[in-house]
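Morning, everyone. I have one structure to walk through today. Please look at the screen.

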Amino acid sequence: MINKRSRRPADRAASCRVTVCRGCCCGDASKIPGVDHAGQIPRLRAALDGAAPVRASECLDVCDQANVVVVQPSPEGRAAGGRPVWLGLVNDDDALADIAAWIRAGGPGIAEPPGILDLYAIKVSRRVSEGLPG
């Protein structure tokens, strides 16, 4: 049986990349109660339907904005001027759905994010943004 991921190797190589913080505060039910932290990454992967890889990271050092998601542009998006977009306080499924829809449309540099994501956009220091793995 062919799964969705194996059908899209070329797309995945040229896609956005998504990093979800799972460090000291992000993903911590004692800091952010009432959120299904364990299910957040699988739900995001399902909503993306193979359009982009999703990985968990150690602490991204913006703990006051937990849960943090970083969307890195595809090579095409970067060539078009797209830069990584940091989103904070991503603690509900509606936000995950909006993020996934934007990425499926092309993400940074290719598609305009839904206006609601402006509420989640955060600015981080260069030190923090350059520390993102990969």
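How many bridges join strand 3 to strand 4, and in which direction do the two run? Three bridges join them, and the strands run antiparallel. Strand 3 covers residues 69-72. Find Val71 there: Val85 in strand 4 stands opposite. Keep in mind that this is a predicted model.

Now the whole sheet. Four strands make up an open sheet. The order is 2-1-3-4, and the pairing is mixed. Look at the edges. Strand 2, residues 54-57, and strand 4, residues 85-87, each have a single partner strand, so one side of each has no neighbour in the sheet. On average, neighbouring strands here are turned by 20 degrees against each other, direction ignored. A quick reminder on pairing. Strands of a sheet pair through backbone hydrogen bonds, either parallel or antiparallel.

Next, the helices. Helix 2 spans residues 37-48. Helix 2 lies across strand 1, residues 17-21, and strand 2. Against strand 2, the angle is about 155 degrees. Helix 4 spans residues 93-104. Helix 4 lies across strand 1, strand 3 and strand 4. Against strand 3, helix 4 runs at about 5 degrees.

Last stop: Glu58. Where is Glu58 placed? Glu58 is in the loop between strand 2 and strand 3. Is Glu58 buried or exposed? The relative accessible area is 63%, and the cut-off for exposed is over 50%, so Glu58 counts as exposed. Glu58 still has contacts. Leaving aside neighbours within four places in sequence, Glu58 touches Cys21 and Gly23. Gly23 is 35 residues away along the chain, yet the C-alpha atoms of Glu58 and Gly23 are separated by 4.4 Å.

Technical notes:
Residues numbered from 1 in each chain as written. Predicted model: local features only at pLDDT ≥ 70, side-chain atom pairs only at ≥ 80, totals over all residues. Heavy atoms only, no water. Pairing = 2+ DSSP bridges. Axes fitted to C-alpha atoms, helices over the stretch in contact; angles between N-to-C directions. Contact = heavy atoms within 4.5 Å. Buried < 20%, exposed > 50% of the residue type's maximum accessible area, 1.4 Å probe, protein only.
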